[in-house]
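Hi,

Here is the structure I promised to pass on to you. Have a look at it first, and then read on for what turned up.

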Amino acid sequence: MFRRKAEFSQYKFLIDGLTDQVLKKRVETSLRFYITRANKYRRRDSFLGMASIVMPAFATFAAAAASFYEEQYPSLDLAVPVITLIATVTAGVMAHFKFSEKKHNYRNLAESMKSEVALYECRAQKYSAEKAGNDEQARDIFLQAIEKIIEDGYRKSKELEAADNQLNEIHG
């Protein structure tokens with residue numbers, strides 16, 4: 001009935017206010033990428049996090065059921081080790097792929113970019129006439145700020161990937 005508006009489209013009005021087409025495309029592409037990635041890792045983290053909570057509880061239930069119905073369902077004894085195995089693998093996948101850290105990284109990048117665009121569009125703080133002078137100087141400050149956000153995001157993503165690679169080397 002009520003459909004939630006996609007996050008990117010909620011902030012598109014800010015991007016539409018940018019007059020420089022190259023800058024507009026750079027911001028739009030980056031913001032869409034960060035939002036998409038943040039949501040992708042949020043879904044994965046939520047699903048696996050919920051599974052890591054539910055599976056041990058289900059294993060406890062299965063253990064109780066196995067002892068209660070051991071004569072009727074002798075194969076129910078296998079449920080506990082299988083469920084425990086799945087829970088362990090789930091926890092390992094979450095730790096290895098760092099979905100939560102990646103989600104936070106991309107969410108922070110998206111929020112930083114939205115904030116920077118809003119400040120620029122409103123000519124607030126460092127983009128004000130008093131601080132930036134003219135529109136060309138404000139544009140240059142904005143461009144530098146956007147590129148810094150992108151560069152910081154790239155660096156942080158590489159750090160997370162490097163941590164993955166170090167784990168692989170240790171365990172490999």
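Which residues in helix 1 and helix 4 meet each other? Before the answer, please keep in mind that this is a predicted model.

On the helix 1 side, the residues are E7, Y11, L14 and I15. Their partners in helix 4 are R107, E111, K114, V117, A118 and E121. By class, this contact has five nonpolar and five charged residues, with no polar ones.

As for the geometry, helix 1 covers residues 7-16, and its axis lies 9 Å from that of helix 4. The angle between the two is about 30°. Since angles under 35 degrees count as roughly parallel, helix 1 is therefore roughly parallel to helix 4. The crossing of this pair is left-handed.

Helix 4 also packs against helix 2. Helix 2 takes in residues 21-68, while helix 4 runs over residues 99-122. Here the axes are 8 Å apart and the angle is about 150°. The cut-off for roughly antiparallel is over 145 degrees, so helix 2 and helix 4 are roughly antiparallel to each other. Their crossing, too, is left-handed. The residues of this contact divide into 14 nonpolar, eight charged and three polar.

Two residues are worth a visit while you have the model open.

One is E111, in helix 4, which is among the residues that meet helix 1. Is E111 buried, partly exposed or exposed? Its relative accessibility is 36%, so E111 counts as partly exposed, as that class lies between the limits of 20% and 50%. The side chain of E111 is joined to the side chain of K114 by a polar contact of 2.8 Å. K114 also appears in the list of helix 4 residues that meet helix 1. If you would like to place E111 relative to T36, the two are 75 residues apart in sequence, and their C-alpha atoms are 13 Å apart in space.

The other is K24, which you will find in helix 2. With a relative accessibility of 16%, K24 counts as buried, because the limit for buried is under 20%. What does K24 touch, leaving aside its neighbours within four places in sequence? The contacts of K24 are then I15, D16 and L18. I15 is a residue you have met already, as one of those in helix 1 that meet helix 4.

Enjoy exploring it, and do write back with any questions.

Best wishes

Technical notes
Residues are numbered from 1 along each chain as its sequence is written. This is a predicted model: local features need pLDDT of at least 70, side-chain atom pairs count only at pLDDT 80 or more; totals for chains, interfaces and linings use all residues. Side-chain values use heavy atoms; hydrogens and water are left out. Axes are lines fitted to C-alpha atoms, for helices over the stretch in contact, and angles run from 0 to 180 degrees between N-to-C directions. Angles under 35 degrees count as roughly parallel, over 145 as roughly antiparallel, 65 to 115 as roughly perpendicular and the rest as oblique. A crossing is left-handed if the near helix is turned anticlockwise from the far one by less than a right angle, and right-handed if clockwise. Ala, Val, Leu, Ile, Met, Phe, Trp, Tyr, Cys and Pro count as nonpolar, Asp, Glu, Lys and Arg as charged, and the others, Gly among them, as polar. Buried means under 20% relative accessible area, exposed over 50%, partly exposed in between (1.4 Å probe, protein chains only). Contact means heavy atoms within 4.5 Å. A polar contact is a pair of N or O atoms within 3.5 Å; within protein, one must be able to donate a hydrogen and the other to accept it, and residues adjacent in sequence count only if both atoms are side-chain atoms.
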